[in-house]
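Work through the exercises below with the sequence and the model open beside you. Each task is followed by a solution that goes step by step.

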Amino acid sequence: CSLLENVVFSSQSSLTSIGMFAFLGCSSLTSINIPNSVNEIGMAAFQDCISLTSINIPNEVTKLDWASFENCSSLVSVTIPDAVTSIGASSFRNCILLEEVSISPQSALTSIGASAFSGCSSLISINVPDGVTSIGNEAFCNCTSLANVAISPQSALVSIGVGAFYSCSSLSYVNIPDGVTEIGNGTFASCSSLTSITIPDGVTSIAEWAFTACHSLADITI
């Protein structure tokens, strides 16, 4: 529906689910008020909605499915509700104007999927809640403005995927929690502003290309 600009639901709506591909390719859609009763947003529900500038994700939503907002190239900011336990693969991939992703420390989030924020070249910072156990392959690949990744020492993180921070050329430091056992292939490759890294006690292997082309890396603590 390439001419659809606006979708309005009644405040009394009992809608609980927005199914897969529901608004895919609605390239003129600039706004939609998702009712608070919605608890599920399906696969690619808003994929390629290139004019969508903002989105309200209801507090009852527990999962953002695969590619739910992929290629929403006008989206500037998003707040992830505390009830969300997983951000699916490619959820916000190539949202090139996305500057701010708000995730509270009280979030129930446990996983950030593969390529979830890949290509979000305007994203400046991200807070990874303590409950997150895995960051998927290429999750933040080519986030060239990403300067701050907040991971606390108390984080439950155990897995950082292949190329997770590949080509994050503004990233100067990242804390790797003690629970992480492996630094994957190309995890920090081409992070050209990375100046120091501490390898925690739990790490048993550092894979190929992990720090390739980290031209500013001056200090490694093992």
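**Exercise 1.** Decide whether Phe69 is buried or exposed.

*Solution.* Begin with the cut-offs: a residue is buried under 20% relative accessible area, exposed over 50%, and partly exposed in between, with a 1.4 Å probe and protein chains only. Phe69 has a relative accessible area of 0%, so this residue is buried. Bear in mind that this is a predicted model, in which local features need pLDDT of at least 70 and side-chain atom pairs count only at pLDDT 80 or more, while totals for chains, interfaces and linings use all residues. Residues are numbered from 1 along each chain as its sequence is written, and side-chain values use heavy atoms, with hydrogens and water left out.

**Exercise 2.** Find how many aromatic pairs the whole structure holds, and describe the pair of Phe69 and Phe92.

*Solution.* A pair of aromatic rings is described by the distance of the centres and the angle of the planes. Rings of Phe, Tyr and Trp (its six-membered ring) pair if their centres lie within 6.5 Å, and planes under 30 degrees apart count as stacked, over 60 as edge-to-face and the rest as tilted. A search of the whole structure gives 8 aromatic pairs. One of them joins Phe69 and Phe92, with 5.4 Å centre to centre and 10 degrees between the planes, and is stacked. This pair links distant parts of the chain, since Phe69 lies in the loop between strand 5 (63-64) and strand 6 (77-80), whereas Phe92, 23 residues apart from it, lies in the loop between strand 7 (86-87) and strand 8 (100-103). The strands are DSSP runs (E, at least two residues), numbered from the N terminus.

**Exercise 3.** Explain why the pair of Phe92 and Phe117 counts as stacked, and place both residues in the chain.

*Solution.* Phe92 is buried, at 0% relative accessibility. The ring centres of Phe92 and Phe117 are 5.4 Å apart and the planes stand at 5 degrees, so the pair is stacked. Phe92 is in the loop between strand 7 and strand 8, and Phe117 is in the loop between strand 9 (111-112) and strand 10 (125-128), 25 residues apart, so that the pair links distant parts of the chain. Phe117 is buried as well, at 0% relative accessibility.

**Exercise 4.** Which residues do ring pairs link into a cluster?

*Solution.* The cluster consists of Phe23, Phe46, Phe69, Phe92, Phe117, Phe140, Phe165, Phe188 and Phe211.

Key: Helices (H or I, at least four residues) and strands (E, at least two) are DSSP runs, numbered from the N terminus.
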